[in-house]
Amino acid sequence: MKIEIWSDVICPFCYIGKRNFEAALEKFPDRDNMEVEWKSFQLDPVMSEVPQYQENMYQFVAARKGISYERSVAMHGQVGIMAKNAGLQYNFDKMLVTNSLKAHRIIQMAKTKGLGEKAEERLFYAYFTEGKNLSDDAVLTELGISIGLTATEVKEALTNPVFQHQVEADGAEASRLGAKGVPFFVIDRKYAIAGAQPGTEILKVLQTAYTEWKKDNPGLIHVRRGDTCAPGNDCTN
C-alpha cells in the first residue's frame, strides 16, 4: 500500500509529523507492506535565500505575522514542547531562515537513488537542530554526501532544471489533492491526513486504509527476497 507524504523541511510541524508517523508505523504489524514516498511542498516559493531577520527566527515570524516579538517567542516555545514530546530538539535560537528550494532539489535527487527518507531526515535535523544554512551550496554538498550522494550528484541536483520542475510538480499535485498546508499524508489515494496528527490517530487511519487495500488486492502477499533460481536455470542472488 502506498503512502505519499508532502512536507517542507523548514516546516516545524512536518518534522513532528514525521516522528508521529514513524511511531504509528512501528506499531503497525504489516508495515513491510507499506511503500512510503516523500514529496516536495514549498510553503513560500518566493522567499529570499537570505530574508530579513534570517538569523532571528522569532523576529522573522513576528514581522511576518504582525505580532509582538514576545508573542513569537511564546509561540515557538509551545512548538518546541511539541517537538520535545515527539523526541526532537528544536533550537529556534540558531535557526537560519531561508528558501527551501535547494533542499527540495536535493530530496528529488536523493529519491532517484532510493535515499528520499534519509534526505528528509538529514535536512530536517540540519535545519531545526543544527542551525545549518540550507541555501548554502557547500553545506548542502556536505549533507548530500552524508546520506550517500556524491558531490557530482549534489551539483546536478542544484543546477539541472529538471529537479526544480519535479519540486513544482509535487506542489501542484498536492494542490489538486486538496492540500492546504503540510504535512499532508495521502494513503492509497483514498485517505488523507492533514497536519501533525498524534501517532495513535495516524495508526487508526492506516488500519482502516490497509483493511480496504487488502480486500482490493487479495492476491498480493509480502515476499522476503533471498537467493533464487528462475526458469531456464537463471540463478541469481
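In this predicted model, helix α4 (residues 101–112) lies across strands β1 (2–7) and β2, and its direction runs at about 150 degrees to that of β2. A further helix, α9 (residues 199–216), packs on the sheet and touches β1, β3 and β4. The direction of α9 makes about 170 degrees with that of β4.

The sheet on which these helices rest is open and consists of four strands in the order β2-β1-β3-β4, with mixed pairing. Its edges are formed by β2 (35–40) and β4 (191–194), each of which pairs on one side only. From one strand to the next, the twist averages 15 degrees.

Strand β3 (residues 184–187) pairs with β4 in the antiparallel sense, over four bridges. Within this pairing, valine 186 has alanine 192 of β4 as its bridge partner. The two strands form a hairpin, with three residues between them. Two residues of the loop between β3 and β4 have unusual backbone geometry to be noted here: aspartate 188, located in that loop, has a positive phi near 55 degrees and is a residue other than glycine. Arginine 189, which is found in the loop between β3 and β4 as well, likewise has a positive phi of about 55 degrees although it is not a glycine. The loop that precedes this hairpin, between α8 (161–176) and β3, contains proline 183. A cis peptide bond joins valine 182 to proline 183, with omega at about 5 degrees.

Aromatic contacts were also examined. The structure holds 12 aromatic pairs. One of the pairs is formed by tyrosine 15 and tyrosine 90, whose rings are stacked, with 6.2 Å from centre to centre and 15 degrees between the planes. This pair links distant parts of the chain, as its two members are 75 residues apart. Tyrosine 15 belongs to helix α1 (residues 12–26), whereas tyrosine 90 is in the loop between α3 (69–85) and α4.

Turning to open spaces, the largest pocket has a volume of about 550 Å³. Its lining comprises 21 residues, of which Ile10, Pro12, Met57, Val61 and Lys65 are the closest to the pocket centre. Helices α1, α2 (57–65), α3 and α5 are the elements that give two or more residues to this lining. The largest share comes from α2, which supplies five residues. By class, the lining of the largest pocket has 16 nonpolar residues, together with two polar and three charged ones.

With regard to enclosed spaces, the structure holds one cavity of 30 Å³ or more. The volume of the largest cavity is about 30 Å³. The residues that line the largest cavity are Ile106, Ala119, Arg122, Leu123, Leu143, Gly144 and Ile147. Helices α5 (116–130) and α6 (137–147) each supply at least two residues of this lining. The lining of the largest cavity divides into five nonpolar residues, one polar residue and one charged residue. Helix α5 thus takes part in both linings: that of the largest pocket, to which this helix gives two or more residues, and that of the largest cavity, to which it supplies at least two.

Note on methods:
Residues numbered from 1 in each chain as written. Predicted model: local features only at pLDDT ≥ 70, side-chain atom pairs only at ≥ 80, totals over all residues. Heavy atoms only, no water. Pairing = 2+ DSSP bridges. Axes fitted to C-alpha atoms, helices over the stretch in contact; angles between N-to-C directions. Contact = heavy atoms within 4.5 Å. 1 Å grid on protein atoms, 1.4 Å probe; cavity = no way out; pocket = protein on both sides within 12 Å on 5 of 7 lines; lining within 4 Å. Points joined across faces, edges and corners; volume = space filled by probe spheres on them. Nonpolar A, V, L, I, M, F, W, Y, C, P; charged D, E, K, R; others polar. Phe/Tyr/Trp six-rings, centres within 6.5 Å; stacked < 30°, edge-to-face > 60°.
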